[in-house]
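Subject: Handover of a structure for your review

Dear colleague,

Please find below the structure that I am passing on to you. I should be grateful if you would look through it alongside the notes that follow.

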Amino acid sequence: MIQPMKTTLFFALLLIGQAVYTQENKITFYPDSAKDIISRHIYGHFSEHLGRCIYGGFWVDKDSGIPNTGRIRNDVVAALKEIAIPNLRWPGGCFADEYHWMNGIGPEEDRPSMINTNWGGVTEDNSFGTHEFMRLCQMLDCEPVVCGNVGSGTVREMSEWVEYLNSDNISPMTNLRKENGREESFGVRYFGIGNESWGCGGNMTAEYYSDVLRRYSSFCKNYGKNRLYKIASGPSDSNYHWTETLMKDWQTRQMFQGLSLHYYTRAHTESWSYKGSATDFTTGEWFSTMSNALRIDTFINRHSKIMDRYDPGKEIGLIVDEWGNWHDIEPGTNPGFLFQQNTLRDAVSAAVSLDIFNNHCDRVKMANIAQVINVLQSVLLTRDNDLVKTPTFYVFKMYKVHHDALLIPNSTQSVNYTEGGRSVAAVHSSCSRDDDGRYHITITNLDPDNALDVDCEFKGLKKMNVTKGEIITAGQMNALNDFGKEEEV
Ligand code: AHR
């Protein structure tokens, strides 16, 4: 359960079938209707060459004095293993469409530099490239999700990257990989055909991108037994035209297995230049963050409806490969680095988003919060030798129980959380059953001021024992975890 401050959650014990429920909050679960698995990939993460995500986040200088294994931070690997990170998306984001992978292989001293034009104009020295990313995924025991360059790369370049990653044939790319020290193929399954092609990935129209997708995808081949799961660059927010355009044509639909969806939650949506502070916010801004986080439910519903028309068997996954809260940068930090702190507000909105993804797991097959370290809504922050586990980290830790578990559908009756004349339902939840038959319920109370009692009923179950409960909360709505201080959340 994720609880804002002042809330104590009462687990009304579940005596099923006969209880008379007088309380206003009631969640009914339907184990008999369960059929869909919550893919663990919904709990995925995103790492871009942006600010201090890769450099300073994962990757440190040889002589930094920060404990590392082959320049990858040990503390970061240990923390991400604690939340069983299932996949990691890389190298972007906007960066993906200006990344030329061949610049990031071979001896480090021979790798050319480039300018990271999207993110602060800093020099990218390409010291972290394909082999380093694959090694990181191996250390994290997670699946790589590689995003290819459609915007400024060639079809050949993308095709050769896939060959380099996945081929065990005798071929120029296989030989090159071997020369660079890797005998067997990497077996990459998830491969993105561009990123935000309607924006930083090339400013294309939906119609133009759908042709480009067909061309690029045609040359991303399967090697050996590995089968690519190609992710088309999809819409953001309510761009339903994009979804319709990619879905409506039979031949286009053969070109991808997943359709990406991006949505960032902001407290202020009038302009991107003012989103509000990450740490110093009003109850009105708390409310806006929650009500805007809930919009992802509408977006998923409506994109799914379009997809259902053309793909009723739900073969194509909706891949929410960028989501999370986007606040103003921390004062005094590089505007191009998108560094923000993370409070109880972020934990609560992450929880409600994950509950929404769980409840849509028939269509949502992967999601990647943006971004894993030091950028936007991170689970970890680093500063020199120090590491902070943010409130959002603890949500991912709590929700681990849902990985690959069976979704138990629910219907929720909730009181309203009202602020400044605006209202949303206060109570949100999801539930799953694991392989050992244990049920895990996560419940989120969006109201920062009022504790709520919630009755839970499991239809058709005679008896149930509650064995354990955990609450994520704090004394203040902007409580946070900071360097060198005791954790507040
Ligand atoms: O996550 C930051 C940026 O947001 C990504 O690079 C881009 O895809 C999106 O607009």
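The notes below describe what was found, from the whole chain to single residues.

**The chain as a whole**

Please bear in mind that this is a predicted model. The chain has 489 residues, and 60% of them count as buried. Its secondary structure comes to 10 helices and 23 strands. Along the principal axes, the C-alpha atoms fill a box of roughly 70 × 55 × 45 Å. A compact globule with 489 residues would have a radius of gyration near 23 Å, and the 22 Å of the chain agrees with this. Contacts also reach across the sequence: among those between residues at least 6 apart, 76% join residues at least 24 apart.

**The second largest pocket**

The second largest pocket holds about 360 Å³ of space. Its lining is made up of 24 residues, and those that lie nearest the centre are Glu196, Trp198, Tyr264, Trp272 and Trp326. Which element gives the most to this lining? Strand E12 (residues 258–265) does, with four residues. By character, the lining of this pocket divides into 11 nonpolar, seven polar and six charged residues.

**Cavities**

The model also holds two cavities of 30 Å³ or more. The largest cavity has a volume of about 60 Å³. It is lined by 15 residues, with Arg89, Gly192, Gly194, Ile231 and Asp321 closest to its centre. Elements E9, E10, strand E11 (229–232) and E12 each give two or more residues to this lining. The most comes from E9, with three residues. Strand E12 therefore appears in two places in this account, as it gives residues both to the lining of the second largest pocket and to that of the largest cavity. The lining of the largest cavity divides into six nonpolar, six polar and three charged residues.

The second largest cavity has a volume of about 40 Å³. Tyr99, Trp101, Asn149, Glu157, Met158 and Trp161 line this cavity. Of these lining residues, four are nonpolar, one is polar and one is charged.

**Salt bridges**

How many salt bridges does a search of the whole structure find? The search finds 28. Three of the pairs are described here.

The side chains of Glu143 and Arg189 meet in a salt bridge, at 2.6 Å from N to O. Glu143 lies in strand E9 (residues 143–148), while Arg189 lies in the loop between helix H4 (172–179) and strand E10 (190–193), so the pair ties together parts that are 46 residues apart in sequence. Glu143 counts as buried because its relative accessible area of 17% is under 20%. Arg189, by contrast, is partly exposed, with a relative accessible area of 31%.

Asp311 forms a salt bridge with Arg363, and the closest N and O atoms are 2.7 Å apart. Asp311 lies in the loop between helix H8 (283–310) and strand E13 (317–325), and Arg363 in the loop between helix H9 (344–359) and strand E14 (364–370), so this pair ties together parts that are 52 residues apart in sequence. Are the two partners buried or exposed? Asp311 is buried, with a relative accessible area of 7%, and Arg363 is buried at 1%.

In the third pair, Asp436 forms a salt bridge with Arg438, with 3.5 Å between the closest N and O atoms. Asp436 counts as exposed at 62% relative accessibility, and Arg438 as partly exposed at 48%. Elsewhere, salt bridges that share partners join Asp308, Asp311, Lys314, Asp362 and Arg363 into one network.

**Two helices**

Helix H10 (residues 391–398) is mostly covered, as seven of its eight residues are buried. The buried residues of H10 are Pro391, Thr392, Phe393, Tyr394, Val395, Phe396 and Met398.

Helix H3 (residues 155–166) contains Glu160. This residue counts as buried, at 17% relative accessibility. Leaving aside residues up to four places away in sequence, Glu160 touches Trp101, Met102 and Met173. Trp101 is also one of the residues that line the second largest cavity.

With kind regards

Conventions. Residues numbered from 1 in each chain as written. Predicted model: local features only at pLDDT ≥ 70, side-chain atom pairs only at ≥ 80, totals over all residues. Heavy atoms only, no water. 1 Å grid on protein atoms, 1.4 Å probe; cavity = no way out; pocket = protein on both sides within 12 Å on 5 of 7 lines; lining within 4 Å. Points joined across faces, edges and corners; volume = space filled by probe spheres on them. Nonpolar A, V, L, I, M, F, W, Y, C, P; charged D, E, K, R; others polar. Salt bridge = Lys/Arg side-chain N within 4 Å of Asp/Glu carboxyl O. Buried < 20%, exposed > 50% of the residue type's maximum accessible area, 1.4 Å probe, protein only. Rg over C-alpha atoms; globule rule 2.2 N^0.38 Å. Contact = heavy atoms within 4.5 Å.
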